[in-house]
Structures are given as C-alpha cells and as structure tokens.
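Me: I am new to reading structures. Please take me through the terms used for this one, and show me how each is justified.

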Amino acid sequence: MEIAIKEANKGQTCGDGGPFGAVIIKDGKIIAKGHTKVLKTNDPTNHAEIVAIRKATKKLGRFDLSDCEIYSSCEPCPMCFAAIHWAKMKKLYFGCNRNDAKKIGFDDKFIYDVINGKKVKEQVTVKNILRKEALESFKIWQEKTNKTIY
C-alpha cells in the first residue's frame with residue numbers, strides 16, 4: 001500500500017493527474033504499478049488501476065490476473081472496480097474511500113446512482129438501436145469454433 005501511495009503522490013506532483021496510485025502483486029512481488037494519467041494523456045479512462053492492469057497484462061502476456069492482487073491508494077471508481085473484476089483478481093486492498101475522494105472533488109456517486117437505478121436524470125441518454133443487426137456479430141461469435149472465452 002505504501003508504494004501505491006507513493007505512486008499517487010508521484011502522479012499528482014508531476015501533473016499527470018489526481019492523487020491515485022495502484023500496485024499489482026503476484027507471489028509477493030510487484031508486477032506493475034501506476035498512477036492516474038488522465039491529464040497527461042487526455043484519456044478519462046487512464047486511472048491508476050487501469051494503468052497498473054495494462055502494465056501487468058503486458059508484462060505477464062495474459063489477460064487473466066487471477067493469481068494477482070491489487071493495492072489502490074483509494075477505493076476504485078466503478079470503472080476500475082469493473083476492470084479489476086474483468087482481470088479476475090481475487091483481492092483488492094484500498095486506502096482512502098469514496099467519501100474521502102468526494103471531499104477533494106472526485107465524486108462518482110452519480111455513476112453509482114445510475115448503476116443502482118436511483119438516478120432520475122442520467123448524464124448520458126441511452127437508447128437501444130439496431131439490435132437485430134448487432135446480434136449478427138453475436139451469432140458469428142457463437143458459431144466460432146476456435147474462440148478464447150474471457
């Protein structure tokens with residue numbers, strides 16, 4: 001956790017983004033570390049956990065990080081929490097929580113409200129279109145014999 005916190009400080013000191021850092025561990029050894037780079041890259045998805053996951057998967061040459069654990073300087077946002085699940089990690093440790101983040105201007109409550117169906121007016125208008133046409137891609141995938149499930 002101390003290294004995740006150092007990463008958070010490094011990222012904000014050099015101006016890459018907010019005070020968030022993450023470290024991925026496998027068998028007691030650091031596989032990857034990262035800090036938020038939203039401002040550096042103009043990429044709103046470049047959060048510390050995502051940066052660390054991308055580095056870890058590249059280093060290990062696989063998308064499955066089920067034998068790894070992640071340390072985050074702050075409770076992950078919904079996107080990062082989902083990415084941790086997609087990477088199949090079994091353990092997450094975090095320092096600050098979402099309420100601490102909210103106090104310094106990083107409030108993702110509106111996203112949780114949308115996910116939980118509590119938000120009356122959504123930030124993004126969502127419409128389901130061309131489902132029949134889109135299902136053709138799913139049909140091709142379903143019939144594919146040499147696919148890798150992830």
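**Pockets and sheet**

Reply: This is a predicted model. Start with the pockets: α2 (38-41), α3 (48-60) and α5 (98-103) each supply at least two residues of the lining of the largest pocket. That pocket holds about 440 Å³ of space.

Me: What makes a residue part of the lining of the largest pocket?

Reply: A lining residue has an atom within 4 Å of a pocket point. By that rule 21 residues line the largest pocket, and Phe 20, His 47, Cys 77, Phe 106 and Asp 108 lie nearest its centre. The lining has 12 nonpolar, 4 polar and 5 charged residues.

Me: Why does Cys 96 count as nonpolar in the lining of the second largest pocket?

Reply: Cys is on the nonpolar list, so Cys 96 counts as nonpolar there. That lining divides into 7 nonpolar, 2 polar and 1 charged. The second largest pocket has a volume of about 150 Å³.

Me: How do you know that β3 and β4 pair?

Reply: Pairing needs at least two bridges. β3 and β4 are joined by 5 bridges, so they pair. They run parallel. One partnership is that of Glu 69 with Lys 91 in β4.

Me: Why are β2 and β4 called edge strands?

Reply: The order in the open sheet is β2-β1-β3-β4, with mixed pairing. β2 (29-35) and β4 each pair on one side only, which makes them edge strands.

Me: Which strands does helix α1 lie across?

Reply: α1 (residues 2-13) lies across β1 (21-26), β2 and β3. The helix runs at about 30 degrees to β2.

Notes: Residues are numbered from 1 along each chain as its sequence is written. This is a predicted model: local features need pLDDT of at least 70, side-chain atom pairs count only at pLDDT 80 or more; totals for chains, interfaces and linings use all residues. Side-chain values use heavy atoms; hydrogens and water are left out. On a 1 Å grid over the protein atoms alone, a cavity is a set of points where a 1.4 Å probe fits but cannot get out, and a pocket is an open set with protein on both sides within 12 Å along at least five of seven lines; lining residues have an atom within 4 Å of a point. Grid points are joined across faces, edges and corners, and a volume is the space filled by probe spheres set on the points. Helices (H or I, at least four residues) and strands (E, at least two) are DSSP runs, numbered from the N terminus. Contact means heavy atoms within 4.5 Å. Axes are lines fitted to C-alpha atoms, for helices over the stretch in contact, and angles run from 0 to 180 degrees between N-to-C directions.
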